[in-house]
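The exercises below ask how helices pack together and how a nonpolar core is built up from them. Please work through each task with the structure at hand before reading its solution.

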Amino acid sequence: MMDALSVVSQLRDLASEPQNRGAIVQDQGCLPGLVLFLDHQNPDVLFATLQTLRYLAELSPNIITMKNELGMMVSLENLMDRVGLSVDITALAKEVYGILSAPANPVARTPERERRKKPQFFINSSNKKAKSVTLHIQGLDTSEQRGLCEEALLKVKGVISFTFQMASKRCTVRIRSDLTTESLASAIAATQVLSAEQVVRNEAGEEVLIPLNLSGAEVQQNTNLPDYLPEEEDSPQREADRAISRTTAKDDANGSWLNAAASFLTKTFYW
């Protein structure tokens, strides 16, 4: 039987892919379950829940639904005030609360904003030509600094996609397998206000920060943005009845899992 951490972890993984975010918010069981998980005593469940909500809030139409979900804002407020939690959990709770409570004034769409937004999605992890790198970015404190980091990464030829975890000052970057991590760090250091270290796990399974040698690191820049990496046989295929479907990550499998998660939440909690 799936426990709370398993459910929310899988839901977070689904929410990390933009094409799933609308369906998750519209599912009758997922948002109420996430609200309940905000009162959980396990810090791992809390952090995974907040990560899920942060991903879901990346889709602007989701924000009003999430904000109006019964208990959502109150639970976030309680979480921000709860003592004994880690700095990461408190900061992420404040970030999600700020996004949901912000005025719903649409931001003017400009070519610059559209260019920045394009690479922020997750590409199927089965691509054999790509790898993922997690960076801890010193100075990543505000949306302005995030914008500088986005621009720096967009200029690096071989960057496929990236996403930020602002609360922990982390950025997960998906890159071509032949692109070095030092090249990313060099591009970020060129902003003159940010610096990057690689996040890895040691033999004990603990996360450690590895300084990167920037001397001699070559940064091959994009001349035409964005430079997406072909997905070989896993590239999206257009169908008549829906915009895009992925051949490897089956939509019906995701849907069945959402139903299973909703059933789990319904049977486990009473509301």
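**Exercise 1.** In this predicted model, determine which residues of H5 meet which residues of H7, and work out how the two helices are oriented to each other.

*Solution.* Begin with the residues themselves: on the H5 side Ile63, Met66 and Lys67 take part, and they meet Ile99, Leu100 and Ser101 of H7. Sorted by character, the residues of this contact comprise four nonpolar, one polar and one charged. Next consider the geometry, in which the axes of H5 and H7 cross at roughly 105° and come within 9 Å. Since angles of 65 to 115 degrees count as roughly perpendicular, H5 and H7 are therefore roughly perpendicular to each other.

**Exercise 2.** Carry out the analysis for H1 and H2, asking at what angle they pack and which residues meet.

*Solution.* The axes of H1 and H2 lie 7 Å apart, and the helices pack at an angle of about 130°. That angle makes H1 oblique to H2. From H1, the residues Leu11, Leu14 and Ala15 meet Asn20, Arg21 and Ile24 of H2. The residues of this contact of H1 with H2 divide into four nonpolar, one polar and one charged.

**Exercise 3.** Identify the buried residues of H6, and explain why they line one face of the helix.

*Solution.* The buried residues in H6 are Met72, Met73, Ser75, Leu76, Leu79 and Met80. Viewed down the axis of H6, these buried residues fall within an arc of 160°, so they line one face of the helix. As general background, an α-helix has 3.6 residues a turn, so residues three or four places apart point the same way. The final step is to ask what this buried set packs against, and the partners are H3, H4, H5 and H7. Met72 offers a detailed view, because contact here means heavy atoms within 4.5 Å: leaving aside neighbours within four places in sequence, Met72 is in contact with Leu31, Val35, Leu38, Leu53, Met66 and Leu100.

**Exercise 4.** Describe the largest nonpolar core, stating which residues touch the most other members and which helix gives the most to the core.

*Solution.* This core has 34 residues, of which Leu34, Leu50, Leu56, Met66, Met72, Leu76 and Leu100 touch the most other members. At least two residues of the core come from each of H1, H2, H3, H4, H5, H6 and H7. H4 gives the most, with seven residues. There is also a second, separate core of 23 residues, which includes Phe162, Met166, Val173 and Leu194.

Terms used:
Residues are numbered from 1 along each chain as its sequence is written. This is a predicted model: local features need pLDDT of at least 70, side-chain atom pairs count only at pLDDT 80 or more; totals for chains, interfaces and linings use all residues. Side-chain values use heavy atoms; hydrogens and water are left out. A nonpolar core is a set of buried Ala, Val, Leu, Ile, Met, Phe, Trp, Tyr and Cys residues joined through side-chain atoms within 4.5 Å. Buried means under 20% relative accessible area, exposed over 50%, partly exposed in between (1.4 Å probe, protein chains only). Helices (H or I, at least four residues) and strands (E, at least two) are DSSP runs, numbered from the N terminus. The arc is that of the directions from the helix axis to the C-beta atoms. Axes are lines fitted to C-alpha atoms, for helices over the stretch in contact, and angles run from 0 to 180 degrees between N-to-C directions. Angles under 35 degrees count as roughly parallel, over 145 as roughly antiparallel, 65 to 115 as roughly perpendicular and the rest as oblique. Ala, Val, Leu, Ile, Met, Phe, Trp, Tyr, Cys and Pro count as nonpolar, Asp, Glu, Lys and Arg as charged, and the others, Gly among them, as polar.
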